[in-house]
2 protein chains.
Amino acid sequence: MNKGNKFGIHRVIKPVGALPQPAEKIDNTMEIYDNEILIDVDTLNIDSASFTQIKEEADGDIENIKGKMLEIVNNRGKHHNPVTGSGGMLIGRVAEIGPKLKDRDLQVGDKIATLVSLSLTPLNIERIKEVRSAVDQVDIEGQAILFESGIYAKLPEDMSETLALAVLDVAGAAAQTARLVNSGDNVLIIGAGGKSGMLCLHEAKKRAGVTGNVIALDYGYEAISRIKKLGLADEIIQADATDPTAVYKSVQEATDGNLADIVINCVNIPNTEMASILPCRDRGKIYFFSMATSFTGAALGAEGVGKDVEMIIGNGYTRGHSEISLAIMQENQKLRDIFENLYTV
Amino acid sequence: MNKGNKFGIHRVIKPVGALPQPAEKIDNTMEIYDNEILIDVDTLNIDSASFTQIKEEADGDIENIKGKMLEIVNNRGKHHNPVTGSGGMLIGRVAEIGPKLKDRDLQVGDKIATLVSLSLTPLNIERIKEVRSAVDQVDIEGQAILFESGIYAKLPEDMSETLALAVLDVAGAAAQTARLVNSGDNVLIIGAGGKSGMLCLHEAKKRAGVTGNVIALDYGYEAISRIKKLGLADEIIQADATDPTAVYKSVQEATDGNLADIVINCVNIPNTEMASILPCRDRGKIYFFSMATSFTGAALGAEGVGKDVEMIIGNGYTRGHSEISLAIMQENQKLRDIFENLYTV
Ligand SMILES: NC(=O)c1ccc[n+]([C@@H]2O[C@H](COP(=O)([O-])OP(=O)(O)OC[C@H]3O[C@@H](n4cnc5c(N)ncnc54)[C@H](OP(=O)(O)O)[C@@H]3O)[C@@H](O)[C@H]2O)c1
Ligand SMILES: NC(=O)c1ccc[n+]([C@@H]2O[C@H](COP(=O)([O-])OP(=O)(O)OC[C@H]3O[C@@H](n4cnc5c(N)ncnc54)[C@H](OP(=O)(O)O)[C@@H]3O)[C@@H](O)[C@H]2O)c1
């Protein structure tokens with residue numbers, strides 16, 4: 001059996017020396033190296049941006065969608081959408097564990113979700129069984145490889161797979177919120193009625209406590225209704241996150257002019273950097289979980305208004321992120337009901 | 001006299017509600033509002049990315065460069081390059097101070113450098129006097145406006161203007177380094193032989209101290225020679241920052257396998273996210289000063305290798321950044337000699 005590199009560099013075909021994520025093409029032969037895990041895949045959860053793009057290119061036709069997906073995997077050895085650059089995650093059963101990983105708390109047959117992007121995961125699709133367009137999920141027959149550095153979570157027994165998938169997809173956000181928010185903080189969550197936003201709302205209120213002031217901002221009627229139903233926010237602001245002036249004014253009022261100690265950006269649209277920067281106090285922190293964040297927009301934007309704020313790039317991985325996020329489903333029944341209603345089929 | 005908004009929103013023509021930086025067009029009439037400062041401009045220091053783009057489009061012809069620059073300012077009311085999105089900074093003399101800012105430590109006639117981007121500064125060019133291609137500087141006759149939130153530095157008496165400009169251009173990097181580095185840290189500086197890299201190197205060694213281990217990485221011969229001449233680095237690595245595997249291995253060796261506590265990225269090229277993430281230890285910090293950083297590249301890259309690192313967007317502004325950076329020119333004569341040699345005309 002061949003010895004593999006921790007990060008999977010041994011599977012990169014083009015360009016040489018690159019890591020599997022940025023690589024153009026990787027080797028998806030399903031014979032494992034000594035430090036890999038082989039997975040029999042049940043379901044792919046395609047990243048929302050990627051699936052939307054494929055659906056549009058396929059004119060919504062299911063057979064065309066299947067064709068596009070197979071084409072991507074044939075070309076690249078992984079489901080790495082060349083247009084959006086993004087991947088997704090998968091659910092499957094452990095089929096084989098390389099000898100170097102024998103000490104892990106994992107058995108052949110265990111059901112796991114991979115928590116590294118599909119954009120770097122060697123994948124072989126034998127057959128696409130079903131495309132569930134409404135929730136971006138695709139059932140397949142096929143196999144995938146997890147590298148030694150690849151992270152995963154065993155699926156909990158006490159919730160449906162689709163619920164677990166929804167929670168795990170945005171697991172990094174709640175775990176970072178847990179780290180960033182302190183007792184008594186003014187916390188602003190932008191896009192608080194969305195999937196990651198609601199998890200952050202729960203975690204922020206828990207950490208900020210009774211002396212804290214958690215401000216939930218969202219735009220649409222449905223999102224605001226969800227926030228009200230949760231009963232976690234100390235203040236609710238209905239505003240457009242692309243309008244920094246309106247957001248700034250509302251947050252000034254909601255904090256008696258002190259502004260937010262921590263801003264958490266969970267929206268799914270571009271051009272919300274300034275609405276995150278303006279309402280943050282001097283020396284405050286901004287956590288950009290949104291993948292639509294522009295690096296230069298944030299860097300030049302903060303300089304432009306002379307704001308000394310610490311801006312953090314939303315790392316998808318944080319130690320303990322899956323445990324923290326899945327635990328919320330035990331801690332908060334109202335939140336779980338909303339999630340089951342929205343994300344299970 | 002009209003009352004202005006702190007951030008200059010009163011000058012935005014298109015789109016309404018936007019801030020001056022992302023705005024398409026702003027009002028550059030040179031009659032000040034009550035909270036603005038009018039500046040007689042001497043020199044524009046065009047952002048390196050922007051100037052390179054203009055030079056290329058103008059085939060290097062000086063008259064064409066002038067034409068391009070005037071076209072940008074005519075269209076947008078500011079020198080905001082539509083291709084690169086970036087600006088630069090300027091030097092000039094204070095011509096008028098709005099009554100609301102009378103208490104500032106500033107007199108009409110003072111020579112200042114603006115520390116907010118030209119991409120948001122109302123500018124009117126009457127005449128372009130001289131284009132100094134080699135250092136991206138352009139002497140003009142014209143005027144500019146600084147908003148209430150706009151930051152600036154009085155030019156020091158004890159150094160040439162061009163030296164001060166060079167230092168102030170990258171002032172945020174050294175000030176952030178001062179905050180991030182602690183005594184005894186393993187610090188990796190990528191692009192340590194460049195303008196911002198050398199300032200970070202000085203500041204990092206000062207903070208990490210004798211028990212610290214400051215590792216300077218760069219690529220070209222000239223850059224490595226400068227690092228050697230400075231004598232600040234505990235270790236020097238000559239490597240290509242687009243090759244993460246090579247960088248990872250060298251840093252492992254240089255830190256006895258502990259990896260870096262803090263990574264500071266000061267390069268001027270894209271695709272260096274992975275070479276910053278891999279050599280950083282778990283729970284370490286990465287400061288991306290480079291404007292060529294990709295947000296998704298960093299976020300998905302760290303997740304892909306299961307690295308729990310804090311990744312910080314290089315805010316151009318940090319409180320005290322100009323004082324900290326200019327002070328380095330007093331503290332370190334070798335560094336000052338190299339800067340004078342490279343950046344003064
Ligand atoms: N960093 C990472 O590792 C990582 C991992 C996964 C996902 N993400 C990113 O995280 C982001 C959020 O994901 P998600 O699954 O939580 O998305 P989501 O469920 O669609 O939530 C987005 C929320 O933003 C709100 N919103 C949209 N436009 C708005 C506006 N103009 N003003 C105020 N609120 C607005 C939406 O409200 P409406 O319903 O009213 O439109 C919705 O509540 C995405 O950008 C995704 O790419 C990042
Ligand atoms: N965040 C902010 O507010 C802000 C403000 C100003 C500037 N910036 C950004 O900061 C960055 C650095 O600016 P600067 O003025 O310091 O640039 P610089 O003087 O050109 O320095 C860049 C350094 O990176 C090195 N480098 C280039 N390619 C490399 C490679 N493949 N491997 C290793 N090293 C490599 C260069 O070495 P060689 O000489 O050998 O090529 C040089 O020493 C730029 O991206 C700029 O946009 C950010």
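The following paragraphs lead through a predicted model, beginning with a sheet in chain A and ending with the surroundings of ligand 2.

In chain A, six strands form an open sheet in the order S6-S7-S3-S4-S5-S8, and their pairing is antiparallel. Strand S6 (123-132) and strand S8 (152-154) of chain A stand at the edges, where each has a single partner strand, so one side of each is left without a neighbour in the sheet. From one strand to the next, the twist averages 30 degrees. At the S6 edge, S6(A) pairs in the antiparallel sense with strand S7 (residues 137-146) of chain A over eight bridges, and within this region A:Val131 has A:Val138 of S7(A) as its bridge partner. Helix H3 (residues 161-169) of chain A packs on the sheet, where it touches strand S3 (37-46), strand S4 (88-97), strand S5 (111-114), S7 and S8 of chain A, while the direction of the helix makes about 110 degrees with that of S4(A).

Turning to ligand 2, there are 23 residues around it, of which B:Lys195, B:Ser196, B:Asp218, B:Asp240 and B:Gly314 come nearest. The residues of this shell divide into ten nonpolar, nine polar and four charged. Backbone atoms of the protein approach the ligand at several points: a polar backbone atom of B:Gly194 is 3.0 Å from an oxygen atom of ligand 2, a backbone N or O atom of B:Lys195 lies 2.8 Å from an oxygen atom of ligand 2, and a backbone N or O atom of B:Gly314 lies 2.8 Å from a nitrogen atom of ligand 2. Taken alone, ligand 2 exposes 930 Å², and the protein buries 80% of that area.

Methods
Residues are numbered from 1 along each chain as its sequence is written. Chains are lettered from A and ligands numbered from 1 in the order in which they are written. This is a predicted model: local features need pLDDT of at least 70, side-chain atom pairs count only at pLDDT 80 or more; totals for chains, interfaces and linings use all residues. Side-chain values use heavy atoms; hydrogens and water are left out. A residue is near a molecule or strand if one of its heavy atoms lies within 4 Å of it. A polar contact is a pair of N or O atoms within 3.5 Å; within protein, one must be able to donate a hydrogen and the other to accept it, and residues adjacent in sequence count only if both atoms are side-chain atoms. Accessible areas come from the Shrake-Rupley method with a 1.4 Å probe; for residues, only the protein chains shown count as cover. Ala, Val, Leu, Ile, Met, Phe, Trp, Tyr, Cys and Pro count as nonpolar, Asp, Glu, Lys and Arg as charged, and the others, Gly among them, as polar. Two strands pair if DSSP finds at least two bridges between them. Helices (H or I, at least four residues) and strands (E, at least two) are DSSP runs, numbered from the N terminus. Axes are lines fitted to C-alpha atoms, for helices over the stretch in contact, and angles run from 0 to 180 degrees between N-to-C directions. Contact means heavy atoms within 4.5 Å.
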